Amino acid sequence: LAQKYDPQKEAELRTWIESVTGQQIGPDFQKGLKDGVILCELMNKLQPNSVRKINRSAQNWHQLENLSNFIKAMGSYGMNPVDLFEANDLFESGNLTQVQVSLLALAGMAKTKGMQSSVDIGVKYSEKQQRNFDEAKMKAGQCVIGLQMGTNKCASQSGMTAYGTRRHLYDPKNQILPPMDHSTISLQMGTNKCASQVGMTAPGTRRHIYDAKMGTEKCDNSSMSLQMGSNQGANQSGQVFGLGRQIYDPKYCPQGSQGEVANAACDQSGDPPEYHYYREEE
């Protein structure tokens with residue numbers, strides 16, 4: 001707090017108090033105001049009879065009484081309680097920064113109330129301007145869109161075309177030529193300059209995969225490429241179409257002629273006589 005004390009403000013307060021009261025504070029600002037006599041006289045100049053009794057005794061309790069009366073008079077003058085200082089802040093030099101703040105606020109309050117002085121010191125307080133509106137005016141204000149909800153003053157449909165029509169992006173003010181025709185595809189819609197159908201066959205025809213630049217020859221239509229699969233490892237050996245396949249192994253079946261084996265099979269299974277079995281040759 002001591003570092004916030006402003007010596008320049010002290011010199012301005014000294015000049016202002018001496019000009020209002022007509023008394024000299026002395027070289028030491030704190031000792032000149034310690035007894036409270038000059039401060040009480042200052043308060044009586046600002047507001048007459050605000051301090052009715054001023055003790056001019058050198059006793060401590062008389063000086064503290066003067067300071068207490070001065071603080072009460074500042075409160076009744078309209079000062080905010082947070083701007084007031086305590087008696088010990090000045091009497092014992094406990095908080096001279098708060099004393100300086102209080103005196104500056106007192107000078108500002110005096111300026112607000114119209115007191116003229118040769119020293120321009122203090123900040124003038126803002127005046128309260130109360131407005132009273134009738135009921136009709138208050139209801140009309142409910143239709144106003146506040147700025148916190150946004151505004152529609154800067155929005156317009158100037159320059160917009162009808163819905164569904166093509167919009168050309170050009171500005172005649174910037175000396176940009178308008179599009180030549182309506183069939184032009186702008187770059188914002190994409191481009192077909194790099195696309196072509198070179199080398200494409202008719203839809204549904206077979207496409208041969210070869211490269212003339214690499215020296216690859218054309219394949220005939222009857223060749224089956226490896227991409228389609230291979231039939232080199234498949235055969236129909238041992239397959240019989242439409243006939244029953246007998247599971248027979250000569251290692252475990254009895255030896256005999258083909259007729260005996262057929263007759264034995266017919267007797268055991270009870271199949272019709274016209275059905276004959278044949279042993280598979282090794």
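Colleague: Let's start right after helix α1. Which residue there takes a positive phi?

Modeller: That's Gly22, which sits just after α1 and has a phi of about 80 degrees. Keep in mind that this is a predicted model.

Colleague: How should I read a positive phi in a residue that isn't glycine?

Modeller: Here's the general idea: most residues other than glycine have a negative phi. In this structure, Asn49 has a positive phi of about 60 degrees although it is not a glycine. You'll find Asn49 in the loop between α3 and α4, and it is exposed, with a relative accessible area of 59%. Ser93 has a positive phi too, about 55 degrees. Look for Ser93 in the loop between α5 and α6; at 36% relative accessibility, it counts as partly exposed.

Colleague: Back to α1. What span should its 15 residues have, and how far apart are its end C-alpha atoms?

Modeller: Helix α1 covers residues 7-21, and at 1.5 Å a residue it should span 21 Å. Its end C-alpha atoms are 21 Å apart, so the two agree.

Colleague: Which residue caps the N-terminal end of α1?

Modeller: Asp6 does: one of its side-chain oxygens lies 3.2 Å from the backbone nitrogen of Gln8.

Colleague: And which residues of α1 are buried?

Modeller: Quite a list, including Leu13, Trp16, Ile17 and Val20. Charged residues appear in it too, among them Glu10, Arg14 and Glu18. What covers the buried residues of α1 includes α2 (29-33), α3 (37-46) and α6 (96-112).

Colleague: Now charges. How many salt bridges are there in the whole structure?

Modeller: First the idea: side chains of opposite charge can pair when their charged atoms come close. A search of the whole structure finds four salt bridges. One of them is in α1, where the side chains of Glu12 and Lys9 meet at 4.0 Å, N to O. These two lie three residues apart, about one turn of the helix. Glu12 counts as partly exposed at 24% relative accessibility, and Lys9 is partly exposed as well, at 33%.

Colleague: Which salt bridge ties together parts that are 15 residues apart in sequence?

Modeller: Take Glu41 and Arg56, whose closest N and O atoms are 2.9 Å apart. Glu41 lies in helix α3 and Arg56 in the loop between α3 and α4 (60-77), so the pair ties those parts together. Are the partners buried or exposed? Glu41 counts as buried, at 14% relative accessibility, whereas Arg56 is exposed, at 60%.

Colleague: Where do Glu135 and Lys139 lie?

Modeller: Both are in helix α7 (residues 135-140), four residues apart, which is about one turn of the helix. Their side chains meet in a salt bridge at 3.6 Å, N to O. Glu135 counts as exposed at 57% relative accessibility.

Colleague: How do I read aromatic rings?

Modeller: A pair of aromatic rings is described by the distance of the centres and the angle of the planes. The count here comes to one aromatic pair. Phe70 and Phe85 form it, 6.3 Å centre to centre with 45 degrees between the planes, and it is tilted. The pair links distant parts of the chain: Phe70 is in helix α4 and Phe85 in the loop between α4 and α5 (87-91). Both Phe70 and Phe85 are buried.

Colleague: Which rings have a lysine over them?

Modeller: Phe91 is one: the charged end of Lys34 sits over its ring, 4.8 Å from the centre. Tyr77 is another, with Lys113 over its face at 3.9 Å from the ring centre.

Methods. Residues numbered from 1 in each chain as written. Predicted model: local features only at pLDDT ≥ 70, side-chain atom pairs only at ≥ 80, totals over all residues. Heavy atoms only, no water. Expected span 1.5 Å × (residues − 1). Buried < 20%, exposed > 50% of the residue type's maximum accessible area, 1.4 Å probe, protein only. Contact = heavy atoms within 4.5 Å. Polar contact = N/O pair within 3.5 Å; in protein donor to acceptor, adjacent residues only side chain to side chain. Phe/Tyr/Trp six-rings, centres within 6.5 Å; stacked < 30°, edge-to-face > 60°. Lys NZ or Arg CZ within 6 Å of the ring centre and 35° of its normal.
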